[in-house]
Amino acid sequence: MSPTKDPSSSQAPTKKKVKSKTRTRAQLAQKKKEKENVTPLVKKYWFQRYDLFSRYDEGIDMDEESWFSVTPEEIAAQQASWCAGAGVVIDAFAGVGGNAIQFAQMCQRVIAIDIDPKKVAMAYNNAKIYGVEHHIDFIVGDFFQVAPFLKGDVVFLSPPWGGPSYKAKESFTLDLLKPKDGHSLFQIARAITPKIIMYLPRNVDLVQATGLSCLSSPPLDVKIEENFVRGNSKGITIYFGDNIFP
């Protein structure tokens, strides 16, 4: 007659094994998802993922274009700090929400606009990870069409720079911005509020860019900020407004 086995001693290892398998499957699924998102074009940006979103591992969504267009989190937080406490910030080209998330953490309300519904869905997902989705109104639409109906305290402009090829330009002029030139874009924003933030390439023509202040009468106050991540220059932020902010 075989000895009687203690039921608890035989079940414990089985439970532990199931948990281990569950964790392994989840990790493999996450790695598979990550590999599928890393195309040859964005491979070099992959190593900067935590600079883009510190909570990347919690389920951040980005499409291929977003890898080289989203504002690094450290820079987005710095930009948002200039309008801390503002009532409504309008993010005209929100993309997957890098800037909108930071504005939502420091301001009362954010209107995040993007013409691509997939990007807006990703922005909502990403904002939810940071717990600020209820402070953001997401709009699928063309900023140039909805602008006449918008009211806000600050407009943030980070229009497409034309992809990574912008780096090859000796001097990046405002006519290279998409889908409209910088002068037209600034005037549309100026019709909403004199408080405007523009995030531009590090090789932007500063004389031309700061000259946008003269489109107002009297000219708006201007502050230029060069943005760095890990000691590397990433872009130029220009703040326009009476006495800047707040």
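**Exercise 1. Surroundings of Phe 103**

Task: In this predicted model, find which residues Phe 103 touches, not counting residues up to four places away in sequence.

Solution.
Step 1. List the neighbours of Phe 103: they are Gln 79, Ala 80, Cys 83, Val 89, Val 110, Phe 156 and Ile 197.
Step 2. Place Phe 103 in its element. Helix α6 spans residues 98–106 and lies across β1 (88–91), β2 (109–114), β3, β4 (154–157) and β5 (196–200). The angle between α6 and β2 is about 170 degrees.
Step 3. Place Phe 103 in the core. The largest nonpolar core has 68 residues, and Phe 103 belongs to the group that touches the most other members, together with Phe 53, Met 62, Phe 143, Leu 157 and Met 198. Strand β5 supplies the largest share of this core, 5 residues.

**Exercise 2. Gly 98 in the same helix**

Task: Decide whether Gly 98 is buried or exposed, and find which residues it touches, not counting residues up to four places away in sequence.

Solution.
Step 1. Locate the residue: Gly 98 is part of helix α6.
Step 2. Apply the cut-off. Buried means under 20% relative accessible area. Gly 98 has 8% relative accessibility, so Gly 98 counts as buried.
Step 3. List the contacts: Gly 98 touches Phe 53, Val 70 and Ala 76.
Step 4. Add a backbone distance. Leu 52 is 46 residues from Gly 98 along the chain, and their C-alpha atoms are 7.6 Å apart.

**Exercise 3. Cysteines**

Task: How many disulfides does a search of the whole structure find, and which cysteine sulfur is nearest to that of Cys 83?

Solution.
Step 1. The search of the whole structure gives 0 disulfides.
Step 2. For Cys 83, the nearest cysteine sulfur belongs to Cys 107, at 4.1 Å. A disulfide needs the two sulfur atoms within 2.5 Å, so this pair does not qualify.
Step 3. Check accessibility. Cys 83 is buried, with a relative accessible area of 2%, whereas Cys 214 is exposed at 57%.

**Exercise 4. The sheet**

Task: What is the strand order of the open sheet, and which strands are at its edges?

Solution.
Step 1. Count the elements: the chain has 10 helices and 7 strands.
Step 2. Read the order. The open sheet of 7 strands runs β3-β2-β1-β4-β5-β7-β6, and its pairing is mixed.
Step 3. Identify the edges. β3 (136–140) and β6 (222–229) each pair on one side only, which makes them the edge strands.
Step 4. Note the twist, which averages 20 degrees from one strand to the next.

**Exercise 5. The hairpin of β6 and β7**

Task: How many bridges join β6 to β7, and which residue between these strands takes a positive phi?

Solution.
Step 1. β6 and β7 (residues 232–240) run antiparallel and are joined by 8 bridges.
Step 2. Fix the register. Val 229 is opposite Asn 232, and Glu 226 is opposite Ile 236.
Step 3. Examine the turn. The hairpin has 2 residues between the strands, and Arg 230 has a positive phi near 55 degrees. Arg 230 is a residue other than glycine.
Step 4. Exposed means over 50% relative accessible area. Arg 230 has 67%, so Arg 230 is exposed.

**Exercise 6. Cis peptide bonds and the loop before β6**

Task: Where are Pro 179 and Pro 218 placed, and which polar contact joins the side chain of Ser 216 to another residue?

Solution.
Step 1. The bond from Lys 178 to Pro 179 is cis, with omega near 0 degrees. Pro 179 sits in the loop between β4 and α9 (182–190).
Step 2. The bond from Ser 217 to Pro 218 is also cis, again with omega near 0 degrees. Pro 218 sits in the loop between α10 and β6.
Step 3. Ser 216 lies in the loop between α10 (206–210) and β6. Its relative accessibility is 7%, so Ser 216 counts as buried.
Step 4. The side chains of Ser 216 and Arg 190 are joined by a polar contact of 2.6 Å.

**Exercise 7. The chain as a whole**

Task: What percentage of the residues in the chain is buried, and what percentage of contacts between residues at least 6 apart in sequence joins residues at least 24 apart?

Solution.
Step 1. The chain has 246 residues, and buried residues make up 43% of them.
Step 2. Of the contacts between residues at least 6 apart in sequence, 65% join residues at least 24 apart.

Terms used:
Residues numbered from 1 in each chain as written. Predicted model: local features only at pLDDT ≥ 70, side-chain atom pairs only at ≥ 80, totals over all residues. Heavy atoms only, no water. Pairing = 2+ DSSP bridges. Helix = DSSP H or I, 4+ residues; strand = E, 2+ residues; numbered from the N terminus. Axes fitted to C-alpha atoms, helices over the stretch in contact; angles between N-to-C directions. Contact = heavy atoms within 4.5 Å. Core = buried A, V, L, I, M, F, W, Y, C linked by side-chain atoms within 4.5 Å. Buried < 20%, exposed > 50% of the residue type's maximum accessible area, 1.4 Å probe, protein only. Polar contact = N/O pair within 3.5 Å; in protein donor to acceptor, adjacent residues only side chain to side chain.
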